[in-house]
Amino acid sequence: MPSQSALSPAGPQAGRIISLWWMMFYVTGAVFLIVMAFLMAALVRRRRPYGGAAADVPDVRPEPSGERRMSHVVLTGVALTVVILFVFLVRSYVTGRALDSLHEQDHLTVKVVGHQWWWEVSYDNATAAYTVTTANEIHIPVGRPVLFKLSSTDVIHSFWVPNLHGKTDLVPGHENVTWLKADREGVYRGQCAEFCGHQHAHMAFTVVVEPYEKFKAWYDAQLAAAQEPSTESQKQGRQVFLSSPCVMCHTVRGTDAGSRVGPDLTHVASRGTLAAGTLENTRGHLAGWVVDSQQIKPGNRMPPNNLEPADLQALLDYLQSLK
Amino acid sequence: MPGRKEDDRAERAASLEAARTDIEALRAYAAGVDAARTDDLLADDIADEHERRALAKTWGDGPGFWGWLASTNHKTVGRRFIYTAFGFFILAGILAVLMRVQLARPESRFLNPDLYNQIFTMHGTTMMFLFAVPVMEAVAVYVLPLMLGARNIAFPRLNAFSYWVYLFGGVMLWVAFVLNVGPDAGWFSYVPLSGPEYGAGKRVDFWAQMITFTEVSALCVATEIITTFFKMRAPGMSLNRVPVYCWSVLVMAFMVFFAMPTIAWASACLMMDRLIGTHFFNPAEGGDPILWQHLFWFFGHPEVYIIFIPGTGFVSTILSTFSRRPIFGYTALVLALVSTGFIGFGLWVHHMFATGLPRMGESFFTGATIMIAIPAGVQIFCWIATLWGGRPVFKSPMMFVLGFFFIFVIGGMTGVMQGAVPVDLQVHDTYFVVAHFHYVLIGGAVFPLFGAFHYWFPKVTGRLLSEKLGHATFWVMFVGFNLTFFPMHILGLRGMPRRVYTYQPNLGWGDLNMLASAGGVLLTLGVLLFIVNALRSLRAGALAGDNPWGAATLEWATSSPPPAYNFLRPPTVDSRDTLWTQPADQPVVIGLRSDVREVLVTRALDAEPDLKTEFPDSSIWPLLAALATTAMFIGTIFTPWALPVGMLPVFVTLTGWFWPKKKRLAEERPPEEVKEKHGERWLKLQEQES
Amino acid sequence: MRLARRLAIVFWAAAAALTSASCMREERGFRVSPPPSGRVQTVRLTDFQPGPAQPPEVTQNAYEENAYAVSEGKRLYEQMNCVGCHFHGGGGIGPALMDAHWIYGSDPSQIFSTIVQGRPNGMPSFRNKLNDDEVWKIAAYVRSLSGQVAKDVAPSRSDDMSGPPPESATEKKPPVKSGGIPKSAEMPK
């Protein structure tokens, strides 16, 4: 399972954030302990036996010298608080600046569009023919800052890969940008962090961080149109795909299927997960998803499909050939 | 509880009888000494009793069901308010238990996503709008006039109205929920998810209209509180002698005043978008979903302080009583409250750091967010100093306050962390935040509130809660709370987002979630223990007496439970901790008529007597007005025409409400001897007739 | 206090009654069985008939009682490109759907078969491209365009450029059998 945790950073941004957090954790932890120590001391200092008479005569006019001493301590405490908070403020500002300092002239730009409840991913390129469109899986080269342009077509979502960086919202009518940079190769899981309806819980994606060559190879593979079916069964599967409701929502480049309502399936078999990070991409899961997705992800937009067993098998053969 | 009432009556009769025997004994004793003087004493007592009956008749609720409905007494309304809010607390708590059951295991099928979304929305909405704010107002409605030495809250009919409106709004929301029309877009109802396109049906409309109900109610109560605070204080209670609790509810009321209109307006815009197709939040037509977030959080963040500030008031009150000394740093505490009230309005953007606002602007809000830790720190330090310089008594209210320290300080610390934009970007909308605000709200408000329940229970009911059960309640709640919410910090850092109805098994969040759910069971048990304790003590608790804790504030100067008129003779004040320092012959206010609801109004700063005025009688009109308002509000969910048409009955009921009454005939003055009893120091009010 | 108890009884009775009456209007049915499509086979496409005239059969589309289903219908109406010809009800390439004229009938089952079978002069057939459930949802939405669906069920405005008034604000128009193919429904030349 890919990692999804802010505690094990894989990039400079998440690293900076977590080190800021640890600093704050230690300082506030110490403050907490000191405050609790004072509290305990105050409680045991002049403790009366448990259950003592409540009508005890109150100490109406506390001794002025003691009061003065206490007010000095309190003032010191407040002054220390102010100092600590100021340090936090400066440190936070500096970290914030550093987070936004990732810029590179010749960077990769990834457009992410949030949908209920999946992620449309496209790699920007000045030449339309070099634009790659995929879904729920983002590949980026290691050690290179990548610009993400985030937008939404329906409700507000939030783009979050805890191992790499904090979150940025996808707001309809706005385009937000964020930079990510990963220093460690690996697969990191991200998830929608803004409540977006029924399947907010199952709106995940993976970020695959790989060496540039591997990334380039992947990119080139994604650029290609869908693989032609090679077996009879795959051919039949394509026929099923094109003559069933599938074609109304999904794109398979190189065929007549060109709708952009649902995820692009041109290279669906190359992806690690199905249904926005919900299922591992296996034949069984795929079958279950095609036939009755509402059982797996109730409320999602994929309708149930009543396919003949033979047609279903053929369709699965075809989809699994779309590497 | 008919038994209890009869018991009370019997007790009262018995004590009266005892008093009479005493008097007779005294009389017999004094007969030989000075027959004339004893007769005077007896005459005084008889006059007092006469006065009591007259006041009870004047200020009491009318008989029967009608009188029950028409009550405008702040204690009756306050009690109803508290019970209702507590009822909503239980309901929302049940929803929390359902959510914890669902989340205890990964990919659980206990609740479907739609129901889960409704449940978490209802939990948040009920806790924030129907429990936390109303209960703080409710306690203020009950306690504030007593603490200030007044006979009723200012604008008593408005007070009854605000309760009914609140009740009807809450019931409407819950009926909708039971009918499967419960809101499902979160308690924050972000557009566009809650907007006309993605929020099908009437679910969000009920949410938005519930806002209108509770806001109307909250604004009414805020008006009453502010007026009561400034104009109804006991003579001599200048601003520097007002108990800290009263200051805290004053700050709360002002915050309500400035925060609530924002959300009322925003929810009206949302309803218009949904009902008549306006475009406030439609980006394609120049609207903006971010606008909603600004409006919502401009209310939503002060809301947190609206809940927390009265909590600090409870803490100050309880701490002072059980440390057996005046609160340390009175001026600093009051200034901290006021500055919290101001700063609280300057940090709403920290809920929106991830929406892509300019970084420099965000830094300003980091500063403001972090700054609010300063007044909070001042308060904490002053409280610890109070304990340090006092001799703490560990009664159950005190235990809740000590628990508050532990929990709230943790919550404050995580709050400071989230003030930093970079950290917030990571933990925002994760379980870390869920942990944080439960630490702040349960720690900062619910624990003090339970402390306040334990503290004022004897005043409200006349009976003491069981100390043993009280301590047990505290420990079970304390352990349960920390078990439930501490693991959520870790879950959040390990990547678990909020508001998910389930999570996948291989993410490794299962164990901590299970632990949290187990803690939830314990927390529930703690609340149940409190209910058991309260019910048992209502029937069989020890009699409390006027001032069981030996506290210093005025609400303890009258009987428990207080009579309808609060004080036989309203007290005067010459120091901050009145009951601890006042001389035996502290003057009282006399000369107020007992045949009409006459009250003394004092000046805002020094509380010098200003004028006498007459409060309105109990009335059914506030209830009718609330019903008419309810009809209009519910109607507007379905058609805009309900607004103009629904105005008519509202207008009619308001006319009835404000219809001038016939002039009353003055009754006899109380016997002159009663006045003389109080010697030279009584306040000559009759010379200051308005 | 006896009074309080009586009130409590009334309260619980009311709560029980409400629960049992829990309304379907807001149900989010994720795995529902749509209305039977079999009825569609018996639909008459003409009033012309042998023998004495009989009143037309009326089918009930349960989705017309469900706000969520109608809003799903609206989404599908956009996504399946019904807007491409009918626009947001005003028509253009295809006939208007927000007026009272129905060329092939206003009954839900008639709309169902229009979508599934297609109609001459440009309406494509969606057979096998949409499953029955989706067609019923679209049919429910189409009827809401001319106010045939209750106002608290019909959707409100979209987050788009403002077009015609929201379906929920549309007055109900009694369906009229259209005499022929309106200008807007003719094949573009």
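These are my notebook entries on a predicted model with chains A, B and C.

**Entry 1: chain A as a whole**

I started with the overall shape of chain A. Its C-alpha atoms fill a box of roughly 95 × 50 × 35 Å along the principal axes. I then looked up the radius of gyration, which is 28 Å, while a compact globule of 323 residues would have one near 20 Å. For secondary structure I noted seven helices and twelve strands in chain A. Of its 323 residues, 43% count as buried. I also checked the contacts in chain A between residues at least 6 apart in sequence, and 65% of them join residues at least 24 apart.

**Entry 2: two domains of chain A**

How is chain A divided by the domain assignment? I found domain 1 (1-42 + 64-223) and domain 2 (232-320). Their C-alpha centres lie 33 Å apart. Where the two touch, domain 1 of chain A brings 19 residues and domain 2 of chain A brings 16. On the domain 1 side, β2 (118-123), β3 (132-135), β10 (204-210) and α3 (212-223) of chain A each supply at least two residues. I sorted the residues of that side by kind and got eight nonpolar, nine polar and two charged.

**Entry 3: helix α2 of chain A**

Next I took helix α2 (residues 64-99) of chain A and checked its length. Its 36 residues should span 52 Å at 1.5 Å a residue, and the end C-alpha atoms are indeed 52 Å apart, so the two agree. I listed buried residues in α2(A), among them M70(A), V74(A), G77(A), L85(A) and F88(A). What covers them? The cover includes α1 (12-45) of chain A, and from chain B α11 (359-371), α12 (373-389), α13 (396-419) and α14 (421-427). One reminder for myself: an α-helix has 3.6 residues a turn, so residues three or four places apart point the same way.

**Entry 4: nonpolar cores**

Which residues touch the most other members of the largest nonpolar core? I found A85(B), A132(B), V135(B), L144(B) and C246(B), in a core of 296 residues. Helix α5 (residues 113-148) of chain B gives the most to this core, with 23 residues. Domain 1 and domain 2 of chain A both give residues to this core, so it lies between them. I followed A85(B) a little further: leaving aside neighbours within four places in sequence, A85(B) is in contact with L130(B), F131(B), P134(B), V135(B) and A138(B). Apart from that core lies another, of 28 residues, including A67(C), M98(C), I111(C) and W136(C).

**Entry 5: helix α2 of chain C**

A67(C) led me to helix α2 of chain C, where A67(C) is one of the buried residues. This helix (residues 67-79) has 13 residues, which should span 18 Å at 1.5 Å a residue; the ends are 18 Å apart, so that agrees too. Is α2(C) mostly covered or mostly open? It is mostly covered, with eleven of its 13 residues buried. Those buried residues pack against α3 (83-86) and α5 (132-145) of chain C. Just after the helix, N81(C) takes a positive phi of about 65°.

**Entry 6: one asparagine in chain B**

Last, I looked up N482(B), which sits in helix α16 (residues 467-493) of chain B. Is N482(B) buried or partly exposed? N482(B) has 19 other C-beta atoms within 10 Å, and buried needs 20 or more, so N482(B) counts as partly exposed. I also noted I407(B), 75 residues away along the chain, whose C-alpha atom is 8.0 Å from that of N482(B).

How values were computed:
Residues are numbered from 1 along each chain as its sequence is written. Chains are lettered from A and ligands numbered from 1 in the order in which they are written. This is a predicted model: local features need pLDDT of at least 70, side-chain atom pairs count only at pLDDT 80 or more; totals for chains, interfaces and linings use all residues. Domain bounds come from an automatic or database domain assignment. Two residues are in contact if their C-beta atoms, placed from the backbone, lie within 7 Å. Helices (H or I, at least four residues) and strands (E, at least two) are DSSP runs, numbered from the N terminus. Ala, Val, Leu, Ile, Met, Phe, Trp, Tyr, Cys and Pro count as nonpolar, Asp, Glu, Lys and Arg as charged, and the others, Gly among them, as polar. A residue is buried if 20 or more other C-beta atoms lie within 10 Å of its own, exposed if 12 or fewer, and partly exposed in between; C-beta atoms are placed from the backbone. The expected span of a helix is 1.5 Å times one less than its number of residues. The radius of gyration is taken over C-alpha atoms; the globule rule is 2.2 Å times the number of residues to the power 0.38. A nonpolar core is a set of buried Ala, Val, Leu, Ile, Met, Phe, Trp, Tyr and Cys residues joined through C-beta atoms within 7 Å.
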